[in-house]
Amino acid sequence: MNCPHTAAAPADRGAGTVVIDPMVQDLDGETARLRDAGVLARIDLLGVPAWTVTRHAEARQLLLDPRLVKDIEAWGLWQSGVVTRAWPLIGMIDAGRSMFTVDGAEHRRLRTKTSQALTPRRLEAIRPEIEKFTQELLDALDAAQGDDGVVDLKSVFAQPLPMRVVGMLMGVDESKHAMLTRQYKAFFSMLTPQDERLALLAELDVFYTDLVREKTARPTDDLTSALILAEEGGEPLTEEEVVGNLKAMVAAGHETTIGLVLNAVRALLSHPDQLRKVLAGEAGWDAVIEETLRWDTPTTHLLMRFATEDITVGDEVIRKGEGLVVSYRAIGRDIEQHGADADAFDITRPTRNRHMTFGHGPHICPGAALSRVEAGIALPALFTRFPGLRLAVPDEEITKLPVMTQNDMSAFPVHLG
Ligand code: STR
């Protein structure tokens with residue numbers, strides 16, 4: 001893709017550079033090329049050069065390294081004006097002040113309440129509601145079948161479920177869910193012109209700011225209200241910080257879990273021997289969830305961290321001011337970590353729990369337990385209600401959306417059986 005708004009000359013990109021395809025035409029091929037390009041690989045993101053880490057052990061170490069920060073002001077290409085708001089991926093980095101964009105002591109201040117609200121123990125309280133949403137959406141699936149018995153599992157089930165859960169948690173009214181789903185779809189799609197993307201982000205900021213002001217005036221029993229209220233003797237978050245956390249939670253909580261649920265269904269339908277094992281009780285749903293997280297990560301590439309000093313990784317040096325991406329899909333397929341058959345889906349694999357799909361270190365996903373609860377309810381409920389569930393098209397015909405950072409299918413047509 002031609003990228004006229006950046007001045008990064010092709011000469012800046014070495015021969016070993018992997019160009020990340022915005023259309024996501026061959027994700028497995030690209031993952032293999034990244035792995036082959038080395039522990040630390042040079043990538044091109046719509047004309048912008050960056051490093052990516054492709055191995056489990058080194059990623060783990062880098063994710064603990066305080067010399068890497070999320071603050072965009074530490075990025076040389078941003079300081080020099082080579083990268084601007086005209087770059088289509090800027091919204092993944094320049095997303096406002098929140099727990100996603102701040103490090104150190106300030107990061108702990110921004111994040112503590114959210115992570116405490118999402119512990120496995122606290123989540124037990126909302127399990128019945130998640131079960132209720134799941135049953136309602138299974139009914140909706142049944143009702144949405146066409147005359148041919150085909151229904152899109154994505155739009156009718158996998159997409160609305162996490163939106164309802166994160167909506168309930170954050171206090172976002174159901175009447176707004178369709179708008180949010182539409183806006184995030186456009187935000188992530190590389191087919192959306194950048195001026196439209198910037199406009200929709202501005203609209204979302206107005207929406208979230210209004211919501212935070214409403215919750216400030218009339219607090220309710222949700223995490224947004226909790227984020228607004230100061231702890232006994234503590235310093236409250238600013239409005240900007242609450243808005244930042246709220247939008248990070250809605251975007252992350254909604255987008256990633258769609259991938260987890262759909263990828264697990266797809267893996268099971270294309271590995272019927274393993275589905276049989278789960279249905280016969282010989283393997284657990286937790287094994288399906290962990291192996292799916294490893295093998296088909298919802299997040300392909302996580303943008304971005306910046307080096308505040310030169311950082312040596314093996315034979316390469318990330319120079320001060322350079323950007324580092326974490327390529328979770330390649331990391332899940334790391335042969336050193338998972339063995340020579342790392343590309344195979346195998347729910348009985350001994351290392352299935354030793355993946356790093358939720359990250360590591362201070363920014364490790366605060367919603368990890370929530371996504372496991374959601375998938376742990378949705379998957380068995382789906383296969384119990386529709387034991388004859390099968391794909392309505394050959395697996396090769398399922399296409400990916402043109403999204404560079406997330407692993408997201410266009411649709412997932414099934415026969416309910
Ligand atoms: C989307 C745009 C926005 O308004 C706020 C955020 C912050 C959190 C980000 C989110 C982004 C994109 C998807 C992310 C999420 C955190 C977890 C999720 C990166 C930039 C993952 O895919 C892991």
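Guide: Two strands are said to pair if DSSP finds at least two bridges between them, and the strands (E, at least two residues) and helices (H or I, at least four) are themselves DSSP runs, numbered from the N terminus. The model is predicted, so that local features need pLDDT of at least 70 and side-chain atom pairs count only at pLDDT 80 or more, whereas totals for chains, interfaces and linings use all residues. Residues are numbered from 1 along each chain as its sequence is written, and side-chain values use heavy atoms, with hydrogens and water left out.

Visitor: How do you know that strand E1 pairs with E2, and which residue is the bridge partner of Val19?

Guide: Strand E1 (residues 18–19) is joined to E2 by 2 bridges, the two running parallel, and as pairing asks for at least two bridges, the condition is met. Val19 has its bridge partner in E2, namely Asp44.

Visitor: What makes E1, helix H1 and E2 a unit with a handedness?

Guide: E1, helix H1 (residues 27–36) and E2 make a right-handed β-α-β unit; the word right-handed applies if, with the strands pointing away from the viewer, the path from the first strand over the helix to the second runs clockwise. After H1 comes Gly38, whose phi is positive, near 120°.

Visitor: Why is strand E2 described as largely enclosed?

Guide: Buried means under 20% relative accessible area, exposed over 50%, and partly exposed in between (1.4 Å probe, protein chains only); in strand E2 (residues 40–45), 5 of the 6 residues are buried, and therefore the strand is largely enclosed by the rest of the structure.

Visitor: Which residues of H1 are buried, and what do they pack against?

Guide: Leu27, Gly29, Glu30, Thr31, Leu34 and Arg35 are the buried residues in H1. With contact taken as heavy atoms within 4.5 Å, the buried residues of H1 pack against E1, E2, E3, helix H15 (328–332) and helix H16 (335–338).

Visitor: What makes E2 and E3 a hairpin?

Guide: E2 and strand E3 (residues 48–53) run antiparallel and are joined by 6 bridges, with Arg42 standing opposite Trp51 in E3. Between E2 and E3 there are 2 residues, and Leu46 in the turn has a positive phi of about 50°.

Visitor: Why is the pairing of the six-stranded sheet called mixed?

Guide: Strands of a sheet pair through backbone hydrogen bonds, either parallel or antiparallel. This open sheet of 6 strands has the order E1-E2-E3-E9-E6-E4, and both senses occur in it: E2 and E3 run antiparallel, whereas E3 and strand E9 (residues 323–326) pair in the parallel sense over 3 bridges. Val53 stands opposite Val326 in E9.

Visitor: How do you know which residues surround the ligand, and which of them come nearest?

Guide: A residue is counted as near if one of its heavy atoms lies within 4 Å of the molecule. There are 14 residues around the ligand, of which Gly91, Phe100, Ala252, Thr299 and Gln406 come nearest. The protein covers 89% of the 480 Å² of accessible area that the ligand has on its own, as computed by the Shrake-Rupley method with a 1.4 Å probe. Helix H12 (239–269) and helix H9 (177–188) each supply at least two residues of the shell, and H12 gives the most, with 5 residues.

Visitor: What makes the approach of Thr299 to the ligand a polar contact?

Guide: With the ligand, a polar contact is a pair of N or O atoms within 3.5 Å. A polar side-chain atom of Thr299 lies 2.8 Å from an oxygen atom of the ligand, and one of Gln406 lies 2.9 Å from an oxygen atom of the ligand, so both pairs meet the cut-off.

Definitions and conventions
A polar contact is a pair of N or O atoms within 3.5 Å; within protein, one must be able to donate a hydrogen and the other to accept it, and residues adjacent in sequence count only if both atoms are side-chain atoms.
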